[in-house]
Amino acid sequence: YETIYITHPEVSEEELSELQGKINSILTSFKGELIKLDDWGVRKLTYEVRKNSRGRFFLLDYAAGTDLIRELERNLRLSERVLRFQTVKIGDQVTPESLKALKEAAGAEKAKPAERSEPPAEVKVAEETPKEGGEQA
């Protein structure tokens with residue numbers, strides 16, 4: 001599963017660590033396995049949520065059962081720090097091997113430095129050609 005949640009932008013680091021600790025305790029108590037937790041930082045929201053135009057985004061990837069999802073969403077709903085959240089089911093069957101591969105891939109993403117990649121070679125910008133009859137666009 002994958003859960004994206006948005007917190008108030010002014011939430012302190014102490015409150016964030018408390019919220020993440022609560023999420024980790026839910027994961028361990030329901031025998032879920034954390035794959036990765038990414039902090040995407042403060043971003044502008046498309047529309048105001050509870051009079052906030054900005055929010056701090058987090059991505060949480062984990063393997064779990066439906067009971068854990070209900071409990072996690074209940075806690076996120078009750079937290080005053082969380083503005084919005086959404087959970088998406090990524091895959092149906094997770095084997096220990098596929099879980100290990102996901103964790104390794106998540107670790108590799110953190111290990112490599114952020115680089116600006118070039119677009120693929122087959123993607124080219126089409127040049128504008130003048131329309132027939134000598135008209136210019």
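1. Helix α1 covers residues 13-29, and its length is consistent with its residue count: at 1.5 Å a residue, the 17 residues should span 24 Å, and the C-alpha atoms at the two ends are 24 Å apart. The coordinates discussed here belong to a predicted model.

2. Which residues of α1 are buried? They are L16, L19, I23, I26 and L27. Because these residues cover an arc of only 105° around the axis, they sit on the same side of α1. The face turned away from that buried side carries the exposed residues E13, E14 and T28.

3. The partners of the buried side of α1 come from several parts of the chain. Its buried residues pack against the strands β1 (2-7), β2 (33-49), β3 (52-63) and β4 (82-88), and also against helix α2 (66-78). After α1 comes K31, which has a positive phi, near 60°.

4. On the overall layout, the protein chain has three helices and four strands. Their order from the N terminus is β-α-β-β-α-β-α. Of the 137 residues in the chain, 29% are buried. Among contacts with a separation of 6 or more, 73% are between residues 24 or more positions apart.

5. Confidence should be checked before any local reading. The mean pLDDT of the protein chain is 79, and 68% of the residues score at least 70. By element, β4 has the highest mean pLDDT (95), while helix α3 (residues 96-111) has the lowest (62). Over residues 113-131 the pLDDT stays under 50, and the model has two contacts beyond four places in sequence for this stretch. Where pLDDT is low, the predicted coordinates should not be read in detail.

6. The structure contains seven salt bridges. One of them joins R56 to D39, with the closest N and O atoms 2.4 Å apart. This pair links distant parts of the chain, as R56 belongs to strand β3 and D39 to strand β2, 17 residues apart. How accessible are the two partners? R56 has a relative accessible area of 14% and is therefore buried, the cut-off being under 20%. D39, at 40% relative accessibility, counts as partly exposed.

7. Two further salt bridges lie in helix α2. In the one between D67 and R70, the N to O distance is 2.5 Å. D67 and R70 are three residues apart in α2, so about one helical turn separates them. D67 is partly exposed, at a relative accessible area of 44%, whereas R70 counts as exposed at 55%. The same atoms can be described as a polar contact between the side chains of D67 and R70, at 2.5 Å. Outside this pair, the C-alpha atom of D67 is 7.4 Å from that of F30, a residue 37 positions away along the chain.

8. The other α2 salt bridge is between R74 and E71, where the closest N and O atoms are 2.9 Å apart. R74 and E71 are likewise three residues apart, about one turn of the helix. An α-helix has 3.6 residues a turn, so residues three or four places apart point the same way. Both partners are partly exposed: R74 has a relative accessible area of 38%, and E71 is at 21% relative accessibility. Elsewhere, salt bridges that share partners join E13, D39 and R56 into one network. E13 was named above as an exposed residue of α1.

9. N75 also lies in helix α2. Is this residue buried or exposed? At 13% relative accessibility N75 counts as buried. Its side chain reaches the backbone oxygen of E71 at 2.8 Å. Leaving aside neighbours within four places in sequence, N75 is in contact with K22 and I26. I26 is one of the buried residues of α1, and α2 is among the elements against which the buried residues of α1 pack.

Conventions. Residues numbered from 1 in each chain as written. Predicted model: local features only at pLDDT ≥ 70, side-chain atom pairs only at ≥ 80, totals over all residues. Heavy atoms only, no water. Expected span 1.5 Å × (residues − 1). Buried < 20%, exposed > 50% of the residue type's maximum accessible area, 1.4 Å probe, protein only. Arc of directions from axis to C-beta. Contact = heavy atoms within 4.5 Å. Salt bridge = Lys/Arg side-chain N within 4 Å of Asp/Glu carboxyl O. Polar contact = N/O pair within 3.5 Å; in protein donor to acceptor, adjacent residues only side chain to side chain. pLDDT = per-residue confidence, 0-100.
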